[in-house]
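Work through the exercises below with the model open beside you. Try each task before you read its solution.

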Amino acid sequence: MLEIRPNCEHCGTDLPNTSTEAMICSFECTYCKTCALEIFKNVCPSCSGNFVERPIRPQKMIEKYPASTERVFKPKELKDSKINTEKFINIDPENR
């Protein structure tokens, strides 16, 4: 089950369960759309996977299975992230 993390790991922007701006990778690293798409060019700076929009958990389920309240804030070194992005951006996603 997804943790539904409450913020962007890079810039700290709040991303509550209802946010349509939340993007996650396969390891559930969580970023806002601006960081995920504009800064990291759809390549996760942690695992090199791609991002997808995080689903919104329905209210009746969020009451039973609440979103995480633990904030993860690990701004990435942009120089290193750029190298990672350039390395993986042109690779076929099936070969990552």
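Three exercises follow, on a sheet, a core and two residues.

This is a predicted model, where local features need pLDDT of at least 70, side-chain atom pairs count only at pLDDT 80 or more, and totals for chains, interfaces and linings use all residues. Residues are numbered from 1 along each chain as its sequence is written, and side-chain values use heavy atoms, with hydrogens and water left out.

**Exercise 1. Work out the strand order of the sheet and find its edges.**

Step 1. Know the terms. Strands (E, at least two residues) and helices (H or I, at least four) are DSSP runs, numbered from the N terminus. Two strands pair if DSSP finds at least two bridges between them.

Step 2. Read the order. The open sheet has 3 strands, arranged β2-β1-β3, with antiparallel pairing.

Step 3. Find the edges. β2 and β3 (52-53) are the edge strands, since each pairs on one side only.

Step 4. Check one pair. β1 and β3 are joined by 2 bridges, in the antiparallel sense. Here I24 stands opposite V52 in β3.

Strands of a sheet pair through backbone hydrogen bonds, either parallel or antiparallel.

**Exercise 2. Describe the largest nonpolar core and the contacts of F51.**

Step 1. Define the core. A nonpolar core is a set of buried Ala, Val, Leu, Ile, Met, Phe, Trp, Tyr and Cys residues joined through side-chain atoms within 4.5 Å. Buried means under 20% relative accessible area, exposed over 50%, partly exposed in between (1.4 Å probe, protein chains only).

Step 2. Size it. The largest nonpolar core has 13 residues. C8, Y31, C35, C44 and F51 have the most contacts inside it.

Step 3. Trace the suppliers. β1, β2 (30-32) and α1 (33-39) each give this core at least two residues.

Step 4. Look around F51. Contact means heavy atoms within 4.5 Å. Not counting residues up to four places away in sequence, F51 touches several residues, including M23, Y31, F40 and C44.

**Exercise 3. Decide whether R5 and A22 are buried or exposed, and list contacts of each.**

Step 1. Place R5. It is in the segment before β1 (22-24). R5 counts as buried because its relative accessibility is 14%.

Step 2. Find its polar partners. A polar contact is a pair of N or O atoms within 3.5 Å; within protein, one must be able to donate a hydrogen and the other to accept it, and residues adjacent in sequence count only if both atoms are side-chain atoms. The R5 side chain makes one with the side chain of E3 at 3.0 Å, and another with that of E9 at 3.2 Å.

Step 3. Turn to A22. A22 lies in strand β1. It counts as buried because its relative accessibility is 1%.

Step 4. List contacts. Leaving aside neighbours within four places in sequence, R5 touches residues including L15 and R54, and A22 touches L15, Y31, V52, E53 and R54.
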